Structure formats: C-alpha cells, structure tokens
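Ready for a few warm-up exercises? Have a look at the model below, then try each task before reading its solution.

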Amino acid sequence: MNKSHKHIGVAIIINDKKEILIDRRLPTGVMANLWEFPGGKIERGETPEDCIIREIKEELGVVVRCDRIFAEITHDYEQFTVTLYVYLCHICQGKPQPLECAEILWVKPHELSQFEFPSANQEIISKLQKEFS
Ligand SMILES: Nc1nc2c([nH]c(=O)n2[C@H]2C[C@H](O)[C@@H](COP(=O)(O)OP(=O)(O)OP(=O)(O)O)O2)c(=O)[nH]1
Ligand SMILES: [Mg+2]
C-alpha cells in the first residue's frame with residue numbers, strides 16, 4: 001500500500017528578543033509529547049501561508065504574518081511521508097495561548113537542541129542555529 005503524504009504549513013514565530021515559539025504536542029495521537037513548531041495540514045485550495053495563518057489562529061489564538069519561506073523539507077516516516085513548508089513569521093495581534101497543545105515556550109535558537117522534536121525537524125533546527133545564532 002502507498003504511504004500517505006501529508007503537506008504541512010509550519011510557522012517559525014520569532015519575537016523581538018529573537019526567540020522562537022515551540023509547542024509540545026498532546027499526550028495522545030501521532031508523535032505524542034514531542035515538541036514542534038506550530039502548524040498543521042494544508043487544506044484544499046489553501047496556500048501554505050493561508051494554512052499557517054489559519055492554524056496559528058486555531059492553535060494559539062493569535063494573528064501572524066508570514067515574512068518569508070525558510071525551508072521546504074520532505075521526510076519519510078515509517079507510517080507516512082510529510083512535506084513541511086516552513087515560513088518565518090511574526091505575531092501581529094494577540095498573546096499566544098496553548099489552545100490545542102500541552103504547552104508553549106519561547107526559546108533561543110541554541111536551546112532548540114534541548115527539546116525532543118520529530119526527526120523531520122533536525123534539518124530546520126540546524127539551519128535556524130546556523131542563521132540565527
Ligand atoms: N505542526 C508541525 N507538524 C510537524 C512538525 N514536524 C513534523 O514532522 N510534523 C508532522 C507531525 C504531524 O504528522 C503533521 C502535523 O499535522 P497535525 O498536527 O495537523 O495533525 P496530525 O497528523 O497530528 O493529526 P491527524 O489529523 O493526521 O490525526 O506533521 C512540526 O515542526 N510542526
Ligand atoms: Mg497542528
């Protein structure tokens with residue numbers, strides 16, 4: 001059987017202190033308890049930017065603006081394949097709250113290595129540490 005292929009909009013939300021927002025996934029479901037960058041599945045007819053704006057409103061209750069694409073990563077997990085469309089973003093309205101995740105944190109790029117992320121994220125984290133440290 002063919003593996004499913006998920007297309008995911010992913011937000012690297014950066015604040016004035018050059019910190020990045022990460023969230024911990026819920027203790028149930030796919031990749032339970034792992035840390036991630038907020039985002040989710042791109043729906044039919046959406047651009048990755050549309051998806052990110054919608055998902056971030058749902059997950060964190062804030063309005064973001066996408067500044068530029070940072071990476072596009074395709075990764076094969078055992079059960080499915082993902083393509084992550086990763087954008088640098090900033091909050092233009094509101095204070096983020098953990099509406100659909102276990103917790104959220106603002107961290108410096110070098111601190112990202114201390115958290116457990118899905119394996120597709122290693123490339124994003126290396127690139128962030130190289131470009132923002
Ligand atoms: N949001 C986000 N998802 C990531 C990252 N890295 C990574 O591999 N993913 C994967 C995990 C999930 O399979 C998918 C995100 O989809 P999601 O959170 O909307 O939904 P899900 O797959 O958990 O839920 P389901 O509807 O398939 O049951 O992308 C990341 O940094 N951020
Ligand atoms: Mg999500």
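**Exercise 1.** How many nonpolar, polar and charged residues does the shell around ligand 1 have?

*Solution.* Keep in mind that this is a predicted model. Sort the shell by class: you get eleven nonpolar, three polar and four charged residues. Next, pick out who comes nearest: of the 18 residues around ligand 1, these are Arg25, Phe37, Lys41, Tyr77 and Asn121. Finally, check the strands: β1 (4–13), β4 (39–41) and β6 (80–93) each give the shell at least two residues.

**Exercise 2.** Find which side chains have an N or O atom close to a polar atom of ligand 1, using a cut-off of 3.5 Å.

*Solution.* Start with the oxygen atoms of the ligand. One is 2.6 Å from a polar side-chain atom of tyrosine 77, and an oxygen atom is also 2.8 Å from an N or O atom in the side chain of lysine 6. Then try nitrogen: a nitrogen atom of ligand 1 sits 2.7 Å from an N or O atom in the asparagine 121 side chain. Now for cover: on its own ligand 1 exposes 630 Å², and the protein buries 78% of that. As for the site, ligand 1 takes up the space of the largest pocket.

**Exercise 3.** Work out which strands stand at the edges of the open sheet β3-β2-β7.

*Solution.* Write down the order first: three strands, β3-β2-β7, with antiparallel pairing. Now count partners: β3 (35–36) and β7 (103–107) have a single partner strand each, so they are the edges, and one side of each has no neighbour in the sheet. Last, zoom in on one pair: five bridges join β2 (residues 20–24) to β7, and isoleucine 20 has valine 107 as its bridge partner in β7.

How values were computed. Residues numbered from 1 in each chain as written. Chains lettered and ligands numbered in written order. Predicted model: local features only at pLDDT ≥ 70, side-chain atom pairs only at ≥ 80, totals over all residues. Heavy atoms only, no water. Near = heavy atom within 4 Å. Polar contact = N/O pair within 3.5 Å; in protein donor to acceptor, adjacent residues only side chain to side chain. Areas by Shrake-Rupley, 256 points an atom, 1.4 Å probe, with all protein chains shown as cover. 1 Å grid on protein atoms, 1.4 Å probe; cavity = no way out; pocket = protein on both sides within 12 Å on 5 of 7 lines; lining within 4 Å. Sits in = over half its atoms within 2 Å of the grid points. Helix = DSSP H or I, 4+ residues; strand = E, 2+ residues; numbered from the N terminus. Nonpolar A, V, L, I, M, F, W, Y, C, P; charged D, E, K, R; others polar. Pairing = 2+ DSSP bridges.
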